[in-house]
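User: I would like a close look at a single part of this predicted model. Please take one helix and describe how it is placed among its surroundings.

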Amino acid sequence: ARTVLLIGCSYVRHCPDVARQIVSVTRHFVDGALRVARGCCGLPLLLAGDRQGFERAAHELSDELSGASRIIVADPGCAITLLEQYPSLDVALPMVQPLVDIIATRLDRLPSKVFTHGRYRYLDPCQLGRGLGRYDQPRAILERLTGRQPESFVRSRSEAECSGGGGLLPITYPELSQAIANERFAEHLDAGGGRLVTACGGSLHRFRRSGHEVVDLVSLVADAIA
């Protein structure tokens, strides 16, 4: 297949239900054959200081992706790694596109006003927002699904606060990571609650591990097109 989907380890390892939805959603929005990549982008190794391991993973993934015309990436952490870290390794890649871009540019394939009841609040993930600059795309998708702009936190977009799931924080400082997630969810409840929506495997996993109800944007898309 000329188009390859890189789901991301956070989804595959910790949220396999959402990983399966990512595959079905991508197939809905992409014409032609689609192949799912099995390799890892190596970001966890880079964050842990294992530069050699990261470079090895990058070259292995590059070999697996050889022959593809484009790579669609679901997890924003993986996308920013391919777009910003790989060029310094002299790793040749085809066009890299975040999945949120694919959906946002084909809103005509997404049913409108499917979820008209209840409140939906969007939390900007660090990597997708400040990292990739994708603030409007997820909001446009949510507006298509609900018929109105999603509600926000007091601090949003470039000033949005972390969910506690970024980098290696859940491993190196688990109590702090948990406290941050609890604080974000408390803010959500204080603002009126409703459904909390994210668009990042790490953020989704952090909230789930903390016992908080949260939904990934791709899950809403999957439910709408099911």
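Analyst: What follows is an account of helix α12, of the cavity that it helps to line, and of one residue in a helix against which it packs.

In this predicted model, helix α12 spans residues 217–225 and is mostly covered, with 7 of its 9 residues buried. Those buried residues are L217, V218, S219, L220, V221, A222 and A224, and they pack against α2, α6 (99–104), β5 (120–122), α8 (136–146), β6 (195–198) and β7 (215–216). At the N-terminal end, α12 is capped by D216, whose side chain places an oxygen 3.0 Å from the backbone nitrogen of V218.

D216 also has a part in the interior space of the model. The structure holds 1 cavity of 30 Å³ or more, and the largest cavity encloses about 160 Å³. Of the 18 residues lining it, A74, L99, V100, A199 and D216 are the closest to its centre, while α5 (76–85), α6 and α12 are the elements that each give two or more residues to the lining. By class, the lining comprises 16 nonpolar residues, no polar ones and 2 charged ones.

Among the packing partners of α12 is α2, the helix (residues 16–29) in which T26 is found. T26 counts as buried because its relative accessibility is 0%, where the cut-off is under 20%. A polar atom of the T26 side chain lies 2.7 Å from the backbone oxygen of I22. Beyond its neighbours within four places in sequence, T26 is in contact with L5, L34, I72 and L99, and L99 is one of the residues closest to the centre of the largest cavity.

Methods
Residues are numbered from 1 along each chain as its sequence is written. This is a predicted model: local features need pLDDT of at least 70, side-chain atom pairs count only at pLDDT 80 or more; totals for chains, interfaces and linings use all residues. Side-chain values use heavy atoms; hydrogens and water are left out. Helices (H or I, at least four residues) and strands (E, at least two) are DSSP runs, numbered from the N terminus. Buried means under 20% relative accessible area, exposed over 50%, partly exposed in between (1.4 Å probe, protein chains only). A polar contact is a pair of N or O atoms within 3.5 Å; within protein, one must be able to donate a hydrogen and the other to accept it, and residues adjacent in sequence count only if both atoms are side-chain atoms. Contact means heavy atoms within 4.5 Å. On a 1 Å grid over the protein atoms alone, a cavity is a set of points where a 1.4 Å probe fits but cannot get out, and a pocket is an open set with protein on both sides within 12 Å along at least five of seven lines; lining residues have an atom within 4 Å of a point. Grid points are joined across faces, edges and corners, and a volume is the space filled by probe spheres set on the points. Ala, Val, Leu, Ile, Met, Phe, Trp, Tyr, Cys and Pro count as nonpolar, Asp, Glu, Lys and Arg as charged, and the others, Gly among them, as polar.
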